[in-house]
Amino acid sequence: MESMLNKLKSTVTKVTADVTSAVMGNPVTREFEVGRHIASGGPGLCWRIYNGTKKSTKQEVAVFVFDKKMIDKYQKFEKDQIIDSLKRGVQQLTRLRHPRLLTVQHPLEESRDCLAFCTEPVFASLSNVLGQWDNLPSPVPKDIKEYKLYDVETKYGLLQISEGLSFLHSGVKMVHGNLCPENIILNKSGAWKIMGFDFSISSNNPSDAELKYTCKEWEPNLPPLCLPNPEYLAPEYILSVSCDSASDMYSLGVVMHAVFNEGKPVIQVNKHDIFKSFSRQLDQLSSMNPALLSKIPEEVREHVKMLLSVSPTVRPDADQMTKIPFFDDVGAVTLQYFDTLFQRDNLQKSQFYKGLPKVLPKLPKRVVVYRILPALTSEFVNPDMVPFVLPNVLLIAEECTKEEYVRLILPDLTPVFKQQEPLQILLIFLQKMDLLLTKTPPDDIKNSVLPMVYRAVEASSVQIQELCLNIIPTFANLIDYPSMKNSLIPRIKSACLQTSSLAVRVNSLVCLGKILEYLDKWFVIDEILPFLQQIPSREPAVLMGILGIYKCTFTHKKLGIPKEHLATKSLPHLVSLSIDNNLNLNQFNSFMMVIRDMLNRMEAEHKTKLEQLHIMQEQQRSLNITNPGNTTEENKNPPSSGNQIDDIFGNTSVNGKENGSAATPSQPNRVSLTLEEKQRLAKEQEQAAKLRSQQPLAPQTIKPASSSSSQTKDLTSSLLNSMTSLNSLSLASSARPPPVQGATMSAFPSSSPMVGPVSNGFNPSMGFQTGGIGMGMRPSGPGLYGGMASTTSTPNFGALTQNQGPSGLTNRPPDMSALDNLFTSNKPKVSLNQIGPQAAPGGSTPWVSQFGSAQNAQTQMQGVAVGMGGMSSGFGMQANPFFSPQNFSQPGAAPSMNPSGVKPSASVNNDLQDLFG
């Protein structure tokens, strides 16, 4: 690597030294920067050609330098002859101005060490291209070594030389005198230009019809640089010391032969014996061997043979040569037309540019890029021509590499990006946007290309907006995300909301729908979906566009809509749009299909979530059942999803279907009753049977004691009456009401005894108290008929306290011995069927029917609202010992029971046995 760098350094140093030594002190360097040595040209390839730039304008030029050290071997007078000849040729070239002649940018300047002048940018001389590399840098530049002329380049190049000679002969009345590959220069665009007027001869009588030229006699003793190239010189120069315009035509014939024969002239001339060589040449030309012209194309072979004729009168003139069929090639004609564009009006130019895309594919890339492209880009200064030129430029850009595009095309396109008139410019750019975004560097995209797209979205022309919105999705993947998010999307949304054109609004929605896949999920949810609700119009096309965006977002794998957004925003919006009167049947069906898909997914996702939560709760509940000591209030009474509504609103569901879905409530596993619980159940049924045979309590027998009465009272009979009332309460609590359809009987009571204030029987939300009565009859704990309303869900009403007697006996503890006579084990048993749930809801229980259920005396309590947990207020009144049950009608619907299982507990059974015997 180090040796390579050293080699490069030495090469650069050498080149710099050569340039410095050659041009140092020359006035040309005041205005021009001299670059590297690129080619050679002129008589004997004596001029070194460097690339350069003008310091003031940075315009590219070619600097021709003749180093006087090359002629140090000559005598002084010979040096002076050579210098004078070179000066004469450059001065003559500077005076002549024609497209086929090399254009001089700065006249000849002389310094002590060199001669120098500047011209238009140059690639090389024809001699270099044909393989003569004298006076070239070492190593030979790769582009020159590998350069091969295409047929179209050769044809048009020879045509250009013919046109240049025609200008000299007809316009200037001049003979070039030394036309050869050394004096034909290929400029940077590939055009062939004539230089080397060192031996040109002007006419003596330019005004006469027959021109005369004075020719100098050949002097073999002069230095070679003071003589023309004899191999390209017409025979009459040497043999008859005469010349005319036909002499240049002979030289053209030899050039044409050399072009098709790798730079070899027709006849090799011995420069030391020039006269003998030319005599031999005459014989060969007189009897032309067909093999000599075998490599020349057949369609021009005859014309070349005529050009090489010994007789000047047979040779075609320059004007005739420009019209031969060989030059009627479509490529040559196209290139010729470009050279004459400045003479055409806009109509002619537009017609030519319209047909150019058919010709460009037939031309070599080098010709198109370096010859046609500069001519096209030069038309960008004419706004009226840009719509015709721009498609051709972009067509050429497609065939260029990214480096060539950035170097040759983009600098000329950048100003065009900013042009807003005519509108066709925007249309053309939008159609080729994928090309621009692919080959343009990111900085230029951000600064030039995307602002043009933004202007198109905001354009006043509906046609431009529609085309832009249609094309954006085709290159959306090439736009960087920040520009898409912060610049493009807001403008599309603004165009959709502000436009008065239905087509623009619909295309905006379609455009958004197509570029959703390039956006972030949360950006779509936060910015795009809320924007849809702001769209004011309700045309069917707009509604279907909105539906399309919802559907794309909902179904796309990367995007999707969360169920929360579906439930709260998306579905309400879509449902409201779906019933719009403008929609037809198919459009409505499309809406409903998407809505159903959203509902199904929302249901599935949320149901899965709830099922997972339910499984976790069931696992926790099973742990609590196996460990009763840790059972909490919430776990004892788990709510059923199906029965909660029945508890609150009654059994109003139709065929078990709620909210349109057939939701069958899951039945928990019933827990079978233990032997102890069955024994306790039998005891309570016996008590109920015993009390059934007794006469109901009459409310009028209980008279409140007057606070002013001082009469003593038999406390024993009062206590017995109270206990009888309590037995009625127990009887009421032992009867199990029929369950609501779909509900199951709970076997878990309230977990704490009721110790609240005395209820007067008219409390509408009085609960059905079981288990603990509050008077020490049973310890609080699990019972069979509890669970109607837990302490965590509803307050406990209807509890009885000890102050139910007269006011004078308040706070006196009752004698509990009376209970021993009430709860005995030798009473007749009642079967389980008598206390089971009835078939029809609202049916009366057997023990309530005997209290005159047929009377149906209506009281104020029948209108009371259903209590918490679904309990009717009638249960609390039947449980009150101060009112007769026949005064109240049976409730219309039995309360719903929370589903649960009975937990077997040995400790509870033992407590019951101790209490009730």
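**Exercise 1. Decide whether K485 is buried, partly exposed or exposed.**

Solution. Start with the value for this predicted model: K485 has a relative accessibility of 34%. Next, recall the cut-offs: buried means under 20%, exposed means over 50%, and partly exposed is in between. K485 therefore counts as partly exposed. To place the residue, look in helix α21, which covers residues 481-498. As a last step, find E527, which is 42 residues from K485 along the chain. The C-alpha atoms of K485 and E527 are separated by 9.8 Å.

**Exercise 2. Find out which residues make a nonpolar surface patch of about 310 Å², then classify L585.**

Solution. The patch is made by I579, L585 and F588. Now take L585, which lies in helix α26 (residues 585-626). Its relative accessibility is 60%, so L585 counts as exposed.

**Exercise 3. Describe the surroundings of strand β8 (residues 184-187).**

Solution. Begin with a rule: in a regular strand the side chains alternate between the two faces of the sheet. Now sort the residues of β8: I184 and L186 are on one side, while I185 and N187 are on the other. These four residues are all buried, and both faces of the strand are covered.

Then look for the partners. Strand β6 (residues 122-125) pairs with β8 in the antiparallel sense over three bridges, and here A124 stands opposite L186. Strand β9 (residues 192-194) also pairs with β8 in the antiparallel sense, over three bridges; in this pairing I184 stands opposite I194.

Finally, follow the chain from β8 to β9. The two strands form a hairpin with four residues between them. In the turn you will meet G190, whose phi is positive, at about 100°.

**Exercise 4. Classify the ring pairs Y337 with F352 and F417 with F429.**

Solution. A pair of aromatic rings is described by the distance of the centres and the angle of the planes. The structure holds nine aromatic pairs. For Y337 and F352, the centres are 4.2 Å apart and the planes are at 25°. Planes under 30 degrees apart count as stacked, so the pair of Y337 and F352 is stacked.

Now see what this pair connects. Y337 is in helix α12 (residues 330-339) and F352 is in helix α13 (residues 346-359), so the pair ties together parts that are 15 residues apart in sequence. Check the burial too: Y337, at 18% relative accessibility, counts as buried, and F352 is buried with a relative accessible area of 15%.

Turn to F417 and F429: their centres are 4.8 Å apart with 50° between the planes, and this pair is tilted. F417 belongs to helix α16 (residues 402-417) and F429 to helix α17 (residues 424-431), and the pair links these parts, 12 residues apart. Both F417 and F429 are buried.

**Exercise 5. Explore the nonpolar cores: how many residues does the largest have, and which helix gives the largest share?**

Solution. The largest nonpolar core has 192 residues. W47, F66, L413, F429, L436 and I472 have the most contacts inside this core. Helix α8 (residues 245-260) provides the largest share, nine residues. Apart from this core lies another, of 10 residues, including V23, V61, V65 and C114.

To finish, go back to W47 and F66. Together with F64 and F117, these residues form one aromatic cluster. F429 deserves a second look as well: this residue is among those with the most contacts inside the largest core, and F429 is also the ring partner of F417.

Notes
Residues are numbered from 1 along each chain as its sequence is written. This is a predicted model: local features need pLDDT of at least 70, side-chain atom pairs count only at pLDDT 80 or more; totals for chains, interfaces and linings use all residues. Side-chain values use heavy atoms; hydrogens and water are left out. A nonpolar core is a set of buried Ala, Val, Leu, Ile, Met, Phe, Trp, Tyr and Cys residues joined through side-chain atoms within 4.5 Å. Buried means under 20% relative accessible area, exposed over 50%, partly exposed in between (1.4 Å probe, protein chains only). Patches are made of residues with over 30% relative accessible area and no salt bridge: like charges are joined within 9 Å, nonpolar side chains (Val, Leu, Ile, Met, Phe, Trp, Tyr) within 5 Å. Accessible areas come from the Shrake-Rupley method with a 1.4 Å probe; for residues, only the protein chains shown count as cover. A salt bridge is a side-chain nitrogen of Lys or Arg within 4 Å of a carboxyl oxygen of Asp or Glu. Two strands pair if DSSP finds at least two bridges between them. Rings of Phe, Tyr and Trp (its six-membered ring) pair if their centres lie within 6.5 Å; planes under 30 degrees apart count as stacked, over 60 as edge-to-face and the rest as tilted.
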